[in-house]
Amino acid sequence: MTGVQTCALPISPARPALGPVDATTVRHVPLVTCSPGIDATAVESVIGVAPAAVVEGFGDLNLPHQVWGPVHAAAARGCTVVVASAAFTPTSTNETLEVLGAVGAGGLSAQKARLVLAAAGAAGLDAARTRELLHQYALERDAGERGTS
C-alpha cells in the first residue's frame, strides 16, 4: 500500500463513474451563500482565483444583482461557477446563467455540487468536461403522489 487514498463517485447507468480520484489532490472549492445585501467585494474575495466555485442563490437559481459582476468575472477568467439553490430546482441553464457564464447545479444542493467540482478538479477535468459531469449528475424531481392519508 502506497498510502495514497482514492475514491470514485458511485456508478449508475445514468451517471457514469468519474474513475479513481487521488484524494490527496482534491482542492478547496469555495461556496458563497447569497443573502439580501450581500457585498460584491466579499464574493470576489471568497471566489478569489479558484478554478471552480459554487454560489448558492434563491429559488430558481436567482442571484442578487450585486453578485452578477463577480460571477461573470470569475467565469470569464475560466473558473467553473455553479449556481445552486436551497430550494430544489432542476435548472442547469437559463438566460441569466448563460449571460453570466455560469451553470446551474441541476437539482444538486450547493454542498453536493461542491463535491462534484472537487472530484472533477482532482481528476484533472477541464471546464467543459466538468460542466458535462454536472449535467450527468443532475437530478429530476419526482413529484409523484404526495398524499397525507
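**Nonpolar cores and helix packing in the predicted model**

The largest nonpolar core comprises 19 residues, and those with the most contacts inside it are I47, V55, L63, V67, V71 and V81. Two or more residues of this core come from each of helix 1 (40-47), strand 4 (52-57), helix 2 (65-76), strand 5 (80-85) and helix 3 (95-100). The greatest contribution is that of helix 2, which supplies four residues. Apart from this core lies another, of 17 residues, which includes V54, A84, A113 and L133. In soluble globular proteins, nonpolar side chains tend to be buried together. The structure described here is a predicted model.

The surroundings of V81 were examined with its neighbours within four places in sequence left aside. On that basis, V81 is in contact with A53, V55, V71, A74, A75, A102 and V103. Of these partners, V55 and V71 are also listed, together with V81, among the residues with the most contacts inside the largest core.

At the level of secondary structure, the chain contains five helices and six strands. Their order from the N terminus is β-β-β-α-β-α-β-α-β-α-α. Among contacts between residues at least 6 apart in sequence, 62% join residues at least 24 apart. Of the 149 residues in the chain, 38% are buried. The accessible surface amounts to about 8300 Å², and carbon and sulfur atoms account for 56% of that area.

Helix 5, formed by residues 127-136, has T130, L133 and L134 as buried residues. These residues lie on the same side of helix 5, because they cover an arc of only 100° around the axis. The packing partners of the buried residues of helix 5 are strand 5, strand 6 (103-104) and helix 4 (110-122). L133, one of the buried residues of helix 5, is also a member of the 17-residue core. Strand 5 thus appears in two settings: it gives two or more residues to the largest core, and the buried residues of helix 5 pack against it.

A further position considered is H65, which is located in helix 2. H65 has a relative accessible area of 60% and is therefore exposed, the cut-off for this class being over 50%. The C-alpha atom of H65 is separated by 9.1 Å from that of A40, although the two residues are 25 apart along the chain. Helix 2 accordingly holds the exposed H65 as well as four residues of the largest core.

Technical notes: Residues are numbered from 1 along each chain as its sequence is written. This is a predicted model: local features need pLDDT of at least 70, side-chain atom pairs count only at pLDDT 80 or more; totals for chains, interfaces and linings use all residues. Side-chain values use heavy atoms; hydrogens and water are left out. Buried means under 20% relative accessible area, exposed over 50%, partly exposed in between (1.4 Å probe, protein chains only). Contact means heavy atoms within 4.5 Å. Accessible areas come from the Shrake-Rupley method with a 1.4 Å probe; for residues, only the protein chains shown count as cover. A nonpolar core is a set of buried Ala, Val, Leu, Ile, Met, Phe, Trp, Tyr and Cys residues joined through side-chain atoms within 4.5 Å. The arc is that of the directions from the helix axis to the C-beta atoms.
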